[in-house]
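I opened this entry to record what I looked up, beginning with one residue and then turning to the ligand.

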Amino acid sequence: MKIVRSINNLKQIIKTFRDNNCIISLVPTMGNIHDGHLALVKKAKLMNTICIVSIFINPTQFDQSHDFNNYPRSIKLDCKKLMLHNVDIVFIPSVSTMYPNGINNYTCMYVPNLSEILEGSKRLNHYKGVTTIVSKLFNLIQPNLAFFGEKDFQQLVIIKNMVYDMHYNIRIVSIPIIREISGLAYSSRNTLLSKDEYKIAHKFYLILKDMADKLRHNIHCVVNLIEIATNQLEKIGFIVDSLYVLDSKYLTYITNSSINVIILSTVWLGKIRLIDNIKVKIFK
Ligand code: AMP
C-alpha cells in the first residue's frame, strides 16, 4: 500500500496503473476509519479495482471551527486498517494541497436546491464544501468508480446529481448503512461519545426502526409517528435536530401514492450530532 501526500506523486502512480488497463476506484473519507468505510473498500476490492482511499478532513464543509478542530484524527491506525484490507493507495493531502488558493478564496462546485434543503438549511456551506472537495478529488484522480455510503443520504443524492450535471464519467456505487450489533450506525464521531452517551446511542436507531415498521403499513399516520418518535427520543436524552419522512428519490414530501420512502434524522446526544436514516417500502 502506497501512502501518498503530493499530487505529482499521486498522478504518477495512477498513470502506471492506468497504463496497465486497471480500473480505478475512489473511496473518499475524512479518516478515523471504521467498518462503514471498510465496507466501501471491500466493495471496491470485490469489483477487482485498484482502490484509492483519500483521507482529508475538509475544512470548507464545517460550519464551526471547533467541530473541525475536534474531528477525530487517527492517521497511523487508519493506514494499518486500510493496509489489512489491501487498499492500493492512501491519499492524505494537506489543506494547502487541496486548496492552493486558500480556504477563503476557493473555486467552488455547488449543486443548487438540493444543497439548500434539509441538512443544507441548517449547515449553510456544508454541501458546497462537500461537492467542491469531491469534485477536486474526481479531477485529480479521474476514477472509474467512486464509492459512497447511504449513511449520508442527502450527500449521496447531491453527488449523483453533480456527476450527472457535470458529465463526470464516473460510476457512483453506494452501500447501505453498516451498523454495530446494537444497531448504532458506525460513525467517526461515535468515538467522541462519553461512555454513558454511547450506552444509549443505539436507541436512536431502534426508535427510527420502530417508526419504520409502523409506517410501512400505514403511511397516513406519518405526522403522528414523527411526534411519537420525537417524544421517545427526547425522553431518553436526545435532542431532535430533524426528523423527516420523505420520498427517497427526490427528497421531496411524500404523497398518498409514495412507495419508496426514507426516514431521515439528526439528533444531538450531548455535544455530538448523530445522523441516521431508514429506507421504507410502503405496502399498498
Ligand atoms: P466520512 O469519513 O464520514 O466522510 O465518510 C466517508 C464515506 O463513508 C461516506 O461516503 C459515508 O457515507 C460513508 N460511511 C460513513 N459511515 C458509514 C456507515 N456506517 N455505513 C456505510 N457508509 C458509511
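**Ser-135 and the ligand shell**

I looked up Ser-135 and, leaving aside its neighbours within four places in sequence, found it in contact (heavy atoms within 4.5 Å) with Met-109, Met-162 and Tyr-168. I note that the model is predicted, that local features need pLDDT of at least 70 and side-chain atom pairs pLDDT 80 or more, while totals for chains, interfaces and linings use all residues. Residues are numbered from 1 along each chain as its sequence is written, and side-chain values use heavy atoms, with hydrogens and water left out.

I placed Ser-135 in helix α7, residues 126-141, where helices are DSSP runs of H or I with at least four residues and strands are runs of E with at least two, numbered from the N terminus. Ser-135 has a relative accessible area of 6%, so I call it buried (under 20%, 1.4 Å probe, protein chains only).

I then turned to the ligand, which has 17 residues around it (a heavy atom within 4 Å); Met-30, His-37, Asp-152, Ile-178 and Tyr-186 come nearest. I found that α2 (35-46), β2 (24-29) and β5 (145-149) each supply at least two residues of this shell, and that α2 gives the largest share, three residues.

For polar contacts to the ligand (N or O atoms within 3.5 Å), I noted a polar side-chain atom of His-37 at 2.8 Å from a ligand oxygen. A polar backbone atom of Gly-149 lies 2.9 Å from an oxygen atom of the ligand, and a backbone N or O atom of Tyr-186 is 2.9 Å from a ligand nitrogen.

Terms used. Polar contact = N/O pair within 3.5 Å; in protein donor to acceptor, adjacent residues only side chain to side chain. Buried < 20%, exposed > 50% of the residue type's maximum accessible area, 1.4 Å probe, protein only.
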